[in-house]
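This report describes the strand pairing, the nonpolar core and the principal pocket of one protein chain. The sequence and the model are shown first.

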Amino acid sequence: MTNIFAGKATATSGGKIQLETQDGLKITACEIKGLSIKKITGISVRPELIKVLPKDAGLKADNVFRGKIREMIYQGDFIEMEICLDRIGRVIYVRLGNDQKQHFSQGEEVVVQWNAEDSNILLD
């Protein structure tokens, strides 16, 4: 399930745009040259492009949020996760390959991250 974040683009800088969602989350995506930020209505990100790391991982990525694993479902080659983001209580969906070296448990506090290049701009 694709994660969709509705909101309003609030700024552009260094080839990136920043979108603020209705619940206050700030997400970064790559700017599309010639596109007015007024036309942007949201950002989406595929679950397999989101990385999950232990809560104390020091990350420098475009989009980094703390959360808690709400549900884990093993699907053979991959694990589907529902992660509740700390500040806003919003649930995002993540798909991890079973070959990932980190092992997580339901209820564990984690950090999720994805790069601006993995954010898809949604238009009006």
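Which residues does Val112 touch, not counting residues up to four places away in sequence? In this predicted model, Val112 touches Ile50, Lys51, Val52, Asn63, Val64, Phe65, Ile83, Leu85 and Ile92.

**Nonpolar core**

Val112 is also one of the residues with the most contacts inside the largest nonpolar core, a set that further comprises Val52, Met81, Ile83, Ile92, Val94 and Phe104. The core holds 28 residues. Two or more residues come from each of β1 (3-13), β2 (16-21), β3 (26-30), β4 (40-45), β6 (63-74), β7 (78-85), β8 (91-97) and β9 (109-114). The most is given by β7, which supplies four residues.

**The open sheet**

Five strands make up an open sheet, arranged in the order β5-β9-β6-β7-β8 with antiparallel pairing. At its edges lie β5 (51-54) and β8, each of which pairs on one side only. From one strand to the next, the twist averages 45 degrees. Within this sheet, β6 and β7 are joined in the antiparallel sense by seven bridges. Ile69 stands opposite Ile83 of β7, and Ile83 is in turn among the residues with the most contacts inside the core.

**Pairing among the N-terminal strands**

Antiparallel pairing also links β1 to β2, β2 to β3, and β1 to β4. The table lists the bridges of each pair together with an example of opposed residues.

| Strand pair | Bridges | Example of opposed residues |
|---|---|---|
| β1 and β2 | six bridges | Ser13 and Lys16 |
| β2 and β3 | five bridges | Ile17 and Ala29 |
| β1 and β4 | four bridges | Phe5 and Ile43 |

Further partners can be named for β2 and β3. Gly7 has Thr21 in β2 as its bridge partner, and Glu20 is matched with Lys26 in β3.

Two hairpins connect these strands. The hairpin of β1 and β2 has two residues between the strands, and Gly14 in the turn has a positive phi of about 60 degrees. In the hairpin of β2 and β3 there are four residues between the strands, and Gly24 takes a positive phi near 95 degrees.

The two faces of β2 are unlike in their cover. Ile17, Leu19 and Thr21 form the covered face, whereas Lys16, Gln18 and Glu20 form the uncovered one. Why do covered and uncovered residues follow one another in this way? The reason is that side chains in a regular strand alternate between the two faces of the sheet. The bridge partners named above include residues from each face: Ile17, which pairs with Ala29, lies on the covered face, and Glu20, which pairs with Lys26, lies on the uncovered face.

**Two residues and their surroundings**

Is Ser44 buried or exposed? Ser44, found in strand β4, has a relative accessible area of 8% and is therefore buried, since the limit for that class is under 20%. Leaving aside neighbours within four places in sequence, Ser44 is in contact with Thr2, Asn3, Ile4, Asp118, Ser119, Asn120 and Leu122.

Ala57 belongs to the loop between β5 and β6. With 25% relative accessibility, Ala57 counts as partly exposed, because that class lies between the 20% limit for buried residues and the 50% limit for exposed ones. Ile4, already named as a contact of Ser44, is 53 residues from Ala57 in sequence, and the two are 25 Å apart in space, C-alpha to C-alpha.

**The largest pocket**

The largest pocket contains about 150 Å³ of space. Its lining consists of Met1, Pro47, Glu71, Ile73, Glu80, Met81, Glu82, Tyr93, Val94 and Arg95. At least two residues of this lining come from each of β6, β7 and β8, strands that follow one another in the open sheet. Met81 and Val94 belong to the pocket lining and are also among the residues with the most contacts inside the nonpolar core.

Key:
Residues are numbered from 1 along each chain as its sequence is written. This is a predicted model: local features need pLDDT of at least 70, side-chain atom pairs count only at pLDDT 80 or more; totals for chains, interfaces and linings use all residues. Side-chain values use heavy atoms; hydrogens and water are left out. A nonpolar core is a set of buried Ala, Val, Leu, Ile, Met, Phe, Trp, Tyr and Cys residues joined through side-chain atoms within 4.5 Å. Buried means under 20% relative accessible area, exposed over 50%, partly exposed in between (1.4 Å probe, protein chains only). Contact means heavy atoms within 4.5 Å. Two strands pair if DSSP finds at least two bridges between them. Axes are lines fitted to C-alpha atoms, for helices over the stretch in contact, and angles run from 0 to 180 degrees between N-to-C directions. On a 1 Å grid over the protein atoms alone, a cavity is a set of points where a 1.4 Å probe fits but cannot get out, and a pocket is an open set with protein on both sides within 12 Å along at least five of seven lines; lining residues have an atom within 4 Å of a point. Grid points are joined across faces, edges and corners, and a volume is the space filled by probe spheres set on the points.
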